[in-house]
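Reader: I work on electrostatics, so give me a close look at one part of this model: the charged side chains, and what they sit against. Take your time and join the pieces up as you go.

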Amino acid sequence: MENNYVGTNNGGIVGGLGNIVNNFGSFPQNELRALLSELRSEVEQTNLSKEQKQEAQEYIETIEEEAAKEKPKKSIIKLAFDGLKRAATNDKFLKLLEKLTPIIVALIK
């Protein structure tokens, strides 16, 4: 009789005999979308220049698009998130980024 092992973890990895399947169905997409939506609104409230606001909005859009992909490009998500951190100018913006950080970390692992 052959023993098979199948296990899961919070990262969404399922393993079996000789195979690994990524299953990110439990990924907090709704939470990510909600935080990015709040961040969009907050960017417009900041004292950033028009160009800086546009750049921050593009970073948000990039994160949203990559996170929705079956195989998100981790380096692109990291660069976009780093750009958002550089754009943070007030406490509310920083607090939203703080809430977003664990989700981004999970995406780029």
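Author: Let's fix one cut-off before anything else: a residue is called buried when its relative accessible area is under 20%, exposed when that area is over 50%, and partly exposed in between. With that in hand, Glu 66 counts as buried because its relative accessibility is 6%. Keep in mind that what you're looking at is a predicted model.

Glu 66 has a partner, too. Its side chain forms a salt bridge with Lys 69, with the closest N and O atoms 2.7 Å apart. Lys 69 is partly exposed because its relative accessible area is 40%, so this bridge joins a partly exposed lysine to a buried glutamate.

Before going on, here's the frame that these charges hang on. The protein has four helices and three strands, and along the sequence they come in the order β-β-β-α-α-α-α. Of its 109 residues, 32% count as buried. Searching the whole structure turns up five salt bridges.

Now for the bridges that reach across the fold. Arg 40 and Glu 64 meet side chain to side chain at 2.7 Å, N to O. Arg 40 sits in helix H1 and Glu 64 in helix H2, so this pair ties together parts that are 24 residues apart in sequence. Neither end is buried: Arg 40 is partly exposed because its relative accessible area is 26%, and Glu 64 is partly exposed because its value is 25%.

Lys 92 and Glu 42 make another salt bridge, this time at 3.9 Å, N to O. That pair also links distant parts of the chain, with Lys 92 in helix H4 and Glu 42 in helix H1, 50 residues apart. The distance makes the list because a bridge needs a side-chain nitrogen of Lys or Arg within 4 Å of a carboxyl oxygen of Asp or Glu. If you set a stricter cut-off in your own scripts, that's the number to look at. Glu 42 is buried, because its relative accessible area is 7%.

There's a small network as well: Lys 78, Asp 82 and Lys 85 are linked by salt bridges.

Then there are charges that gather with their own kind. Glu 55, Glu 58, Glu 61 and Glu 65 form a patch of negative charge on the surface. Take Glu 65 as an example: it lies in helix H2, which covers residues 50–68. Glu 65 counts as partly exposed because its relative accessibility is 45%. A patch takes residues with over 30% relative accessible area and no salt bridge, so the 45% of Glu 65 clears that bar. Glu 64, by contrast, is at 25% and is taken up by its bridge to Arg 40. From Glu 65 you can also look across to Ile 77, which is 12 residues away along the chain, with 9.3 Å between the two C-alpha atoms.

On the positive side, Arg 86 is worth a click. It is found in helix H3, and it is exposed because its relative accessible area is 62%. Its C-alpha is 9.2 Å from that of Ala 56, although the two are 30 residues apart in sequence.

So what do these helices share on the nonpolar side? The largest nonpolar core has 24 residues, and those touching the most other members are Leu 32, Leu 39, Ile 63, Leu 84, Phe 93, Leu 97 and Leu 100. Helices H1 (29–45), H2, H3 (74–87) and H4 (91–108) are the elements that each give two or more residues to it. H4 gives the most, with seven residues.

One more pairing shows how H2 lies relative to that core. Ile 60 is in helix H2, and it is buried because its relative accessible area is 0%. Its C-alpha is 7.7 Å from that of Leu 84, which is 24 residues away along the chain. Leu 84 is among the core members with the most contacts.

Last stop, the connection after H2. Pro 72 is found in the loop between H2 and H3 and is partly exposed because its relative accessible area is 24%. Pro 72 and Ile 108 are 36 residues apart in sequence, yet their C-alpha atoms are 8.5 Å apart in space.

Terms used: Residues numbered from 1 in each chain as written. Predicted model: local features only at pLDDT ≥ 70, side-chain atom pairs only at ≥ 80, totals over all residues. Heavy atoms only, no water. Patch = residues over 30% accessible without salt bridge, like charges linked within 9 Å, V, L, I, M, F, W, Y side chains within 5 Å. Areas by Shrake-Rupley, 256 points an atom, 1.4 Å probe, with all protein chains shown as cover. Lys, Arg positive; Asp, Glu negative; His and termini not counted. Charge placed at Lys NZ, Arg CZ, Asp CG, Glu CD. Buried < 20%, exposed > 50% of the residue type's maximum accessible area, 1.4 Å probe, protein only. Core = buried A, V, L, I, M, F, W, Y, C linked by side-chain atoms within 4.5 Å.
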